[in-house]
Amino acid sequence: MRGVVMYAPGDVRVEDVPDATIIEPTDAVIRVSATCICGSDLWPYRGLQQVRGPSPMGHEYIGVVEQIGGAVRDIKVGDSVVGSFVASDNTCEICRAGYQSRCIHQVMIGSIGTQAELARIPLADGTLVPVPGEPTEAQKVSLLAASDVLGTGWFAAVAVEAGPGKTVAVVGDGAVGLLAILAAKRLGAERIIAMSRHADRQALAKTFGATDIVEERGADGVAAIKELTGGYGAHSVIEAVGTQEAMLQAIGATRPGGHIGYVGVSHGVELSGADLFFATVHLHGGPAPVRRFLPMLVDLIMTGEINPGAVFDMTLPLDRADDGYRAMDERRAIKVLLTM
Ligand SMILES: [Zn+2]
């Protein structure tokens, strides 16, 4: 099968690799219908995360089940499925509490790779969610967004208790930040402030429900949020970047008693205990338990209630994945869809 392999920062190749096969009896193998490049794939691409030899890439996927292991009960060959970037049994105490991304049997799908024609999905019964009916092409794209960026944005919006009467600020205008706006809007937030300095991303943020745009960053960004909120700061701030600057911006922009949802994969963030102590905020984040939200998100997509697929602004065949990485690295694309 064809599959994306990262050899070193900036060195992404599409090669013939061995076909994905069943290894554990709880596995399924899916024929990938579409996959995509994640902002988190850019950390190793930029050399900010170690690449340990040639590595398969990708953790977002929709597809059709091609094979199942002997212990798979609920997922059938031929099912159209979507799953999250962490395989989970969905039965342990952590999963049942809604934190499937930290299942005690978790397997990171990124270590297996889904930027390929076939993908092995561990713990298939717990991980995969069948899609009812035949999705349209547009719905397929939205289901792919649900696999990570929509689910992650949704978790962030839930983590910050976005809802009626709340002002939600979003740090980061990548796909996760933009879809966190969509989620906050669906959850009933009154005011949603997108922090972005790119006209195309600002426009999409408004489409998804942003009411205000703040272009300033750092201390100026914090001051702008304070000014928009009568000096208080936002009730809820979503941090969808993962850098020191973004995290400090989130903490500074949150009012005492407010909530911060941090879902950008943390790189080099160091916080002062005293600053945290006096911030007096709720901090909740981490790898999003996308599986918790997937059945609901699949339903919202298949009934036409939401269109998260709008975050994909570039589509390339799998064999041109290298161009896709470059486009995202240079911020010429928000999110790149890879077709088979
Ligand atoms: Zn579990």
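These exercises concern the domains, sheets and helix packing of a predicted model.

**Exercise 1. Domains and their contact**

State which residues make up each domain, and characterise the side of domain 1 that touches domain 2.

Solution.

Step 1. Domain 1 is assigned residues 2-148 + 289-339, and domain 2 is assigned 151-285.

Step 2. Taken over C-alpha atoms, the centres of domain 1 and domain 2 are 26 Å apart.

Step 3. The contact between them involves 20 residues of domain 1 and 16 residues of domain 2.

Step 4. On the side of domain 1 that touches domain 2, helix 4 (137-146) and helix 11 (290-302) supply at least two residues each. Helix 11 gives the most, with four residues.

Step 5. Sorted by class, this side of domain 1 holds 14 nonpolar, four polar and two charged residues.

**Exercise 2. Helix 4 against helix 11**

Determine how helix 4 is oriented relative to helix 11, and list the residues that make the contact.

Solution.

Step 1. The two axes, of helix 4 and helix 11, come within 10 Å and cross at roughly 160°.

Step 2. An angle over 145 degrees counts as roughly antiparallel, so helix 4 is roughly antiparallel to helix 11.

Step 3. The crossing of helix 4 and helix 11 is right-handed.

Step 4. Helix 4 contributes Gln139, Ser142, Leu143 and Ala146 to the contact, while helix 11 contributes Leu294, Leu297, Val298, Ile301 and Met302.

Step 5. The class count for the contact of helix 4 with helix 11 is seven nonpolar, two polar and no charged residues.

**Exercise 3. The sheet of three strands**

Give the strand order of the open sheet of three strands, name its edge strands, and find the helix that packs on the sheet.

Solution.

Step 1. The order is 2-1-4, and the pairing is antiparallel.

Step 2. Strand 2 (11-16) and strand 4 (55-56) are the edge strands, each pairing on one side only.

Step 3. Two bridges join strand 1 (residues 2-8) to strand 4 in the antiparallel sense. Opposite Val5 stands Pro56 in strand 4.

Step 4. Helix 12 (residues 321-329) packs on this sheet and touches strand 1 and strand 2. The direction of helix 12 makes about 160° with that of strand 2.

**Exercise 4. The sheet of six strands**

Work out the strand order of the open sheet of six strands, explain what is left at its edges, and place helix 5 and helix 8 on it.

Solution.

Step 1. The strands follow the order 13-12-11-14-15-16, with parallel pairing.

Step 2. At the edges stand strand 13 (212-214) and strand 16 (282-285). Each has a single partner strand, so one side of each lacks a neighbour in the sheet.

Step 3. From one strand to the next, the twist averages 20°.

Step 4. Strand 15 (residues 254-262) pairs with strand 16 in the parallel sense over four bridges. Gly285 in strand 16 is the bridge partner of Tyr262.

Step 5. Helix 5 (residues 149-159) packs on the sheet and touches strand 14 (234-239), strand 15 and strand 16, with its direction at about 160° to that of strand 15.

Step 6. Helix 8 (residues 218-228) also packs on the sheet, touching strand 11 (167-171), strand 12 (191-195), strand 13 and strand 14. The direction of helix 8 makes about 155° with that of strand 13.

**Exercise 5. Two partners of helix 5**

Classify the orientation of helix 5 to helix 6 and to helix 11, and describe each contact.

Solution.

Step 1. Helix 5 and helix 6 (residues 175-186) pack at about 55°, with their axes 7 Å apart. That angle makes helix 5 oblique to helix 6.

Step 2. The crossing of helix 5 and helix 6 is right-handed.

Step 3. Residues of helix 5 in this contact include Val149, Leu150 and Trp154, and those of helix 6 include Val176, Leu179 and Leu182. The contact of helix 5 with helix 6 divides into twelve nonpolar, two polar and no charged residues.

Step 4. For helix 5 and helix 11, the axes come within 9 Å and cross at roughly 105°. Angles of 65 to 115 degrees count as roughly perpendicular, and helix 5 and helix 11 are therefore roughly perpendicular to each other.

Step 5. Leu150, Gly151, Thr152, Trp154 and Phe155 of helix 5 meet Val290, Phe293, Leu294 and Leu297 of helix 11. By class, the contact of helix 5 with helix 11 has seven nonpolar and two polar residues, with no charged residues.

Note on methods
Residues are numbered from 1 along each chain as its sequence is written. This is a predicted model: local features need pLDDT of at least 70, side-chain atom pairs count only at pLDDT 80 or more; totals for chains, interfaces and linings use all residues. Domain bounds come from an automatic or database domain assignment. Two residues are in contact if their C-beta atoms, placed from the backbone, lie within 7 Å. Ala, Val, Leu, Ile, Met, Phe, Trp, Tyr, Cys and Pro count as nonpolar, Asp, Glu, Lys and Arg as charged, and the others, Gly among them, as polar. Axes are lines fitted to C-alpha atoms, for helices over the stretch in contact, and angles run from 0 to 180 degrees between N-to-C directions. Angles under 35 degrees count as roughly parallel, over 145 as roughly antiparallel, 65 to 115 as roughly perpendicular and the rest as oblique. A crossing is left-handed if the near helix is turned anticlockwise from the far one by less than a right angle, and right-handed if clockwise. Two strands pair if DSSP finds at least two bridges between them.
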